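Reader: I have a new structure on my screen and would like to learn how to read it. Could you take me through it feature by feature?

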Amino acid sequence: MIRLDETRLLACASELADLLAATVNGGASVGFLAPLSHAEALAWWEGRAADVAAGRLAVWAAYDRDRVLGTVSLAFPGKANSRHRAELVKLMVHPDARGRGLARGLLATAEDAAAAAGVTLLHLDTETGSPAERLYRSTGWTPIGAIPDYAADPGGVLRPTTIYYKRVPATAPTR
């Protein structure tokens, strides 16, 4: 897993766009509607560069040779009373790379980085009943409830979303 700075993010934005489009067009609910074009996905990833540069977003990519097969991000809130927490966002593994443990590895990377940054609380949301829920539950995330009709799946159908949190032991001072 490689943490992407602004330059590296922009350099691999096209590969990240391929990953995002394949994930959404494969049915995963990560905030976009299908069909998602490469151009739309590319614009979205390029739009993340400023947040990476400002330290509001940390992005990791998992590579197989020179191809991006997965990604995960941590979004850090800007409020003084929130520096102890972060949101886990956009955990994705390419559909043809699933079942290899990449999602677990990406998740562990983000959790370890959060702890190293002094973050002690992580949270996320995911579509209720999705395969992602099995991953989060099996890695110690705690569900706190579901919100009905919270987000549309890639096909545009409103689905419930479950909110999760996980406490992580800080290994460094809070950001």
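Author: We'll go through strands, cores, a pocket and a few single residues.

Author: Before that, some ground rules: this is a predicted model, where local features need pLDDT of at least 70, side-chain atom pairs count only at pLDDT 80 or more, and totals for chains, interfaces and linings use all residues. Residues are numbered from 1 along each chain as its sequence is written, and side-chain values use heavy atoms, with hydrogens and water left out.

Reader: Okay, strands. Which way do β4 and β5 run, and how many bridges join them?

Author: First the terms: helices (H or I, at least four residues) and strands (E, at least two) are DSSP runs, numbered from the N terminus. Two strands pair if DSSP finds at least two bridges between them. Here β4 (residues 85-93) and β5 (residues 121-127) run parallel, with three bridges. One of the bridge pairs is R85 with L121 in β5.

Reader: And which strand pairs with β5 in the antiparallel sense?

Author: That's β7 (residues 158-167), joined to β5 by seven bridges. Look for L124, which stands opposite Y164 in β7.

Reader: What handedness does the β-α-β unit have?

Author: A crossover is right-handed if, with the strands pointing away from the viewer, the path from the first strand over the helix to the second runs clockwise. In this model β4, helix α5 (residues 102-116) and β5 make a right-handed unit.

Reader: How do I read a core?

Author: In soluble globular proteins, nonpolar side chains tend to be buried together. A nonpolar core is a set of buried Ala, Val, Leu, Ile, Met, Phe, Trp, Tyr and Cys residues joined through side-chain atoms within 4.5 Å. Buried means under 20% relative accessible area, exposed over 50%, and partly exposed in between (1.4 Å probe, protein chains only). The largest core here has 25 residues, and V72, L74, L88, L122, Y136 and W141 have the most contacts inside it. α5 gives the most to this core, with five residues. A second, separate core of 22 residues includes V24, W45, A49 and V52.

Reader: Which residues does L74 touch?

Author: Contact means heavy atoms within 4.5 Å. Leaving out residues up to four places away in sequence, L74 touches ten you can find on screen, among them W60, L88, A110 and L122.Reader: Is S73, in strand β3, buried or exposed?

Author: S73 is buried, with a relative accessible area of 2%. Beyond its neighbours within four places in sequence, S73 is in contact with residues including L57, V59, L88 and K90.

Reader: What about pockets?

Author: On a 1 Å grid over the protein atoms alone, a pocket is an open set of points where a 1.4 Å probe fits, with protein on both sides within 12 Å along at least five of seven lines; lining residues have an atom within 4 Å of a point. Grid points are joined across faces, edges and corners, and a volume is the space filled by probe spheres set on the points. The largest pocket holds about 980 Å³ of space. Its lining has 40 residues, and V30, L91, T126, A132 and Y136 lie nearest its centre. β4 supplies the largest share of that lining, seven residues.

Reader: Where should I look for unusual backbone angles?

Author: Start with the cis peptide bond that joins A34 and P35, where omega is about -5°. P35 is in the loop between α2 (13-25) and α3 (38-46). Then try R65, a residue other than glycine whose phi is positive, near 60°. R65 sits in the loop between β2 and β3 and is exposed, with a relative accessible area of 75%. D149 in strand β6 also has a positive phi, about 50°, although it is not a glycine.
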